[in-house]
Structures are given as structure tokens and as C-alpha cells.
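User: I should like to understand how the descriptive terms for a protein model are justified. Please take me through some examples.

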Amino acid sequence: MRYNKMYIKRGKEESLLRFHPWIFSGAVRNTDGELSEGDVVEVYSNDNNFLGVGHYQIGSITVRILSFTPVTIDAAFWTERIRAAYDFRRSIGFAGSDTSNTYRLVHGEGDFLPGLIVDVYGGTAVVQAHSVGMHLARTEIAGALREVLGDTLQRIYYKSEGTLPYKAELGEENEYLFGDGSGEPHRATENGLTFEIDWLKGQKTGFFIDQRDNRALLRQYADGRSVLNMFCYTGGFSVYALQGGAKSVHSVDSSAKAISLTDANVALNFPDDTRHVSFAEDAFRFLEQTDDKYDLIILDPPAFAKHRDSLRNGLQGYRKLNSIALRKIRKGGILFTFSCSQIVSKTDFRLAVFSAAAQTRRNVRILHQLTQPADHPVNIYHPESEYLKGLVLQID
């Protein structure tokens, strides 16, 4: 198949030669035809050398590269890429596990499919498109998922209403591409624990799969401790803390819906367990009112900085939040603290936490430096896909 061609300005092809999958608008010289948003386009250097093929989009990121070698983007392409992603998950024990049926099947650039996220919850695949090109290919992607996952797949839910570029004005609504929401409750298992998954109205695709390994690590520290889980959302850390033998677990979120999900997940795994109490309150206010009560605190806030122009304010937010927690935690306490802001680097986040620690003048040691699990792989040529940063601190 012949695609329209795009030519890059002289000297602007360097990042593509290093296999970075994004082309920014300022690098484009011209195209040989009129492009519509979401079109597949072939990219060439100023000297007419092939550089890659990808999805065109209006905006700062003009092309997301799907392949650095000539290839036709057809049903066979989607099946091959998704099968490779699935085979990798099987090889590391995420797919086909007896104790966990929750995992990320496609992680955008980390699986060489920029703009596409696919999370699997048992027999359900939740698809998110972050580009118009992936949106237009959703039917072929659903077909590839059905071919690769076979009879294990009961439904495919397309949840991109909040992730597609709003300027594209696609008027897209979330919908089932295969199957429907009937049948078994929307539940999935992770490390032998059971969770309600709200892929219809929940944040992201319904559950924060990227904290799986960090939740398991928290379980090792929970025994006998009084635990505070801030920004609890669906209560993942709370459930693991209870399993780890925590003396008490308090879950806090400003959203009453999140608290309801947390309570449901606790009840699924530890019915009538009086160690758990939840609070629908503002996180900063709750922390400020806490005095020497907790010796294990989890800070897993939503992204404080989503865009480059909000970076400064976002870092101030991380400093403020961690400063309060470091002041309030008991002597000898453990703090799990995270940032999921893609534009906040590991260095920036660590510096923000360092500044917070310095303000408290307490002795603080780093026990672990955390990131996302292996089913959220980072393309070495695309460091931006390493978005989750975390530290485990011990405070005297």
C-alpha cells in the first residue's frame, strides 16, 4: 500500500536515527499530499532516505512511529505486534497465571505501539487510544486481540473518551467492541487477591496495575504497623497491607466513589475485618490533622504535573505533601511515596522529596527506589515511557 510521504528538515532526523518514536511539528519540512489526522504516513529525510512509518496527528507530536522499516499497517501488522506483546507477558508469568489474571498487555511505546494501551482483567481487555491513528484502527486492533487471546477473551471495552485529543473533535463515546458487560461480576485477581474493576467509570482503565510490585513490597513492611493509605482509589495498597498483617489500616480519598470501591475490595478479601477504616476527606487536611499516629504511610497521588507548564507547581505539590507526611510519621516509620507524572523526572522527584526531608530536619534513609513493573516496559529509546517513580524511606 502506498502512503503519503512526509519530509523532515535537514538535521532534524537525528532523534529518528536513534529510534525515538516521536516527530515534533517543528521538524517537518513538507508533505507530498494533504494529510488527515490519523493517517498512516511514510517519513523521509531531507535527502529522501526512508526513516519510518507512523500515525500523523495535528499538534506538537506530529507523527508517532510504528516501524522504522517499511511495512504495511494492516490486520497482519496489528496481530503480529499484539502477539509479540502477549508472548512476552506469558514468558514472564503475567499472562496465564493461576494467581493473577490482571496485567498490561500493550504499553504504548514500550511495546512499539505508541498511542495504544491495553489492560487485561481476566476475560476483559480494556483498550485506550491516545492518538487519532489508534482510534481509527480500533476495529483491527480488536480483531487482533480476539485472534491472539482466543477463547479466554470474553469482551473488549474501548475506553478512550477521555484520552483522545480533544481538538480532534471525534465525538467518541466509550463502547464495547466485542461482547458486553453481562455475566460475571467485574472482578480480577492479583497475587491471589480479588479486586472489583470499574472499567466503565473508574480512573484509567479501572485499576492501577502499575503498582502491583510495589503493593507486594509494601506487604513485606506492613506486619504490626499502623498504616495510612492516602489517595487510596480502589484500596490496592490497603488490601495488601491487611494481608501483610498490619495492626490497622486507614484509607483516605476525597472521592466517595473511591472509598466505596476500597471498602468493597477490603470486604472481598477480608470480610468483617475491623482493622480497616476509610475516610472520604481531603488528603492534605487529613494529614495535617494527624499527629504521631501512623508508622507506615503511602502517598500515591494523582499526577500533580500533567504538562510542562505545570511542572513547577507540581513539584511544589510533591514537596508540600511529603513534608507533611515526614513531619507526622512516627519515629522509625516507613514512607512509600510516588509520582506518576510523566514530565517529572526521577531526579526532579527525588529532589522534591529531599527538600521536604530537609525542611523537617529528620534523619531519612532511602530503602528502595521504585518504578513500574515489567508488563509496563520502557523503550530504551523513549525514556518518557518511564513515568512511575517511587521511594521507600525510613524516618527516625
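Analyst: Certainly. This is a predicted model. A suitable starting point is Gly96, which has a relative accessible area of 63%.

User: Why is Gly96 called exposed?

Analyst: The term exposed requires a relative accessible area over 50%. Gly96 has 63%, so the residue is exposed. Its place is in the loop between helix 2 (75–91) and strand 7 (102–107).

User: What makes helix 6 largely enclosed by the rest of the structure?

Analyst: A residue is buried if its relative accessible area is under 20%. Seven of the eight residues of helix 6 (residues 236–243) meet that condition, so the helix is largely enclosed. Among them are Phe237, Val239 and Leu242. Just after helix 6, Gly245 takes a positive phi of about 95°.

User: Why are strand 16 and strand 19 said to stand at the edges of their sheet?

Analyst: The open sheet has seven strands in the order 16-15-14-17-18-20-19, with mixed pairing. Strand 16 (276–280) and strand 19 (364–370) each have a single partner strand, so one side of each is left without a neighbour in the sheet. Neighbouring strands of this sheet are turned by 15° against each other on average, direction ignored.

User: How do you know that strand 17 and strand 18 pair?

Analyst: Pairing requires at least two bridges between two strands. Strand 17 (residues 296–299) and strand 18 (residues 333–339) have four bridges, in the parallel sense, and therefore count as paired. The bridge partner of Leu296 is Ile334 in strand 18.

Notes: Residues numbered from 1 in each chain as written. Predicted model: local features only at pLDDT ≥ 70, side-chain atom pairs only at ≥ 80, totals over all residues. Heavy atoms only, no water. Helix = DSSP H or I, 4+ residues; strand = E, 2+ residues; numbered from the N terminus. Buried < 20%, exposed > 50% of the residue type's maximum accessible area, 1.4 Å probe, protein only. Axes fitted to C-alpha atoms, helices over the stretch in contact; angles between N-to-C directions.
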